[in-house]
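Let's take a friendly walk through a protein model together. Have the picture ready and follow along as we go from one place to the next.

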Amino acid sequence: VEHYICVLAEVARSVPQVVLEGSSQLKYSFSYINCIPSIPAVNLIQAILPLVQYKSAVRDALLLVMRKFLFSRQLECRKTAVGGYLLLLKNFKVLDSSSVHNGDTGRCSDDSQTLQYSYSSQSQTYVEVHISRDSSSMTRNEALCLEILGILKRSLTQQDEIKLNLYEGLYDVL
């Protein structure tokens, strides 16, 4: 399974338009993420994150499925949801305009846009993403992050294993 996830990650990064042509099938396949264990499922979510940035319908479908997973009876589904939400938080950080270089995430900024370098442990490459610094995109990212934080707050009432995953993941996000 890991090999296929790596291939999907590479295709999603290099030619996202090709994958997005089948976005309806992609959104449909999200509901089957619960059929695989949580670690490969989170890796799968990480593989499709570049697509989430291009098409809001894909993002919304993923958010809906992860919300369902968070309240599933299966522990693996809840772990997958927490991991997926943390990945989204990590990718859609709200940047302040005063930061020039910010930690290991490799974010460098100038007045007009931000150049983000993301390190992928699966392919061991750096990926450049140009993020517009206009106020509407920053507001959307802020709203998305606040929504995800509200959802993750609910997971603090779940089993200790879910809380541990959340605490460990929040450290990586920060």
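## Starting at a loop

Our tour begins at Phe71, which sits in the loop between α5 and α6. Keep in mind that this is a predicted model. Is Phe71 buried, exposed or partly exposed? Its relative accessible area is 47%, so Phe71 counts as partly exposed.

Now look for the partners of Phe71. If we set aside the neighbours within four places in sequence, Phe71 is in contact with Arg154 and Gln158. Take Arg154 as an example: along the sequence, 83 residues separate Phe71 from Arg154, while in space their C-alpha atoms are 9.5 Å apart.

## The whole chain

Let's step back and view the chain as a whole. Its 174 residues include a buried share of 41%. How many helices and strands does the chain have? There are 8 helices and 4 strands. If you trace them along the sequence, the order is α-α-α-α-α-α-β-β-β-β-α-α.

Contacts tell us something about the fold too. Take the contacts between residues at least 6 apart in sequence: 62% of these join residues at least 24 apart. The pair of Phe71 and Arg154, with their positions 83 residues apart in sequence, is one you have already met.

## Two helices that pack together

Next, find helix α4, which covers residues 38-54, and helix α5, which covers residues 56-70. These two helices pack with their axes 6 Å apart, at an angle of about 135 degrees. Because of that angle, α4 is described as oblique to α5.

Which residues make the contact? From α4 come Ile45, Ile48, Val52 and Tyr54. The α5 side brings Ser56, Val58, Arg59, Leu62 and Met66. Sorted by type, the residues of this contact are 7 nonpolar, 1 polar and 1 charged.

One of these residues, Val58, also has a link to another helix. Ser23 belongs to helix α3, residues 23-30, and Ser23 touches Lys55 and Val58 when residues up to four places away in sequence are not counted. With a relative accessible area of 9%, Ser23 is buried.

## Pairs of opposite charge

Side chains of opposite charge can pair when their charged atoms come close. How many salt bridges does the count come to? The count is 6, and we can visit three of these pairs one by one.

Begin in helix α1, residues 2-14, where Arg13 and Glu10 are 3 residues apart and therefore separated by about one helical turn. Their side chains form a salt bridge at 3.3 Å, N to O. Arg13 is partly exposed, at 22% relative accessibility, and Glu10 is partly exposed as well, at 39%.

Helix α6, residues 75-91, holds Lys79 and Glu76, again 3 residues apart and so about one helical turn from each other. The salt bridge between their side chains spans 3.6 Å, N to O. Here Lys79 is buried, at 16% relative accessibility, whereas Glu76 is partly exposed, at 33%. There is a further partner to find: Glu76, Lys79 and Glu161 are linked in a network of salt bridges.

For the third pair, go to helix α8, residues 160-173. Lys163 and Asp160 are 3 residues apart in this helix, so about one helical turn lies between them. Their side chains meet in a salt bridge of 3.7 Å, N to O. Lys163 is partly exposed, at 23% relative accessible area, while Asp160 is exposed, at 61%.

## Cysteines without a bond

A disulfide is a covalent bond between the sulfur atoms of two cysteines. How many disulfides does the structure hold? The number is 0. Cys77, for instance, is in no disulfide, and the nearest cysteine sulfur, that of Cys35, is 8.2 Å away.

Two cysteines are worth a look for their surroundings. Cys77 is buried, at 1% relative accessibility. Cys145 is buried too, with a relative accessible area of 9%.

Methods
Residues numbered from 1 in each chain as written. Predicted model: local features only at pLDDT ≥ 70, side-chain atom pairs only at ≥ 80, totals over all residues. Heavy atoms only, no water. Axes fitted to C-alpha atoms, helices over the stretch in contact; angles between N-to-C directions. Parallel < 35°, antiparallel > 145°, perpendicular 65-115°, else oblique. Contact = heavy atoms within 4.5 Å. Nonpolar A, V, L, I, M, F, W, Y, C, P; charged D, E, K, R; others polar. Salt bridge = Lys/Arg side-chain N within 4 Å of Asp/Glu carboxyl O. Buried < 20%, exposed > 50% of the residue type's maximum accessible area, 1.4 Å probe, protein only. Disulfide = S-S within 2.5 Å.
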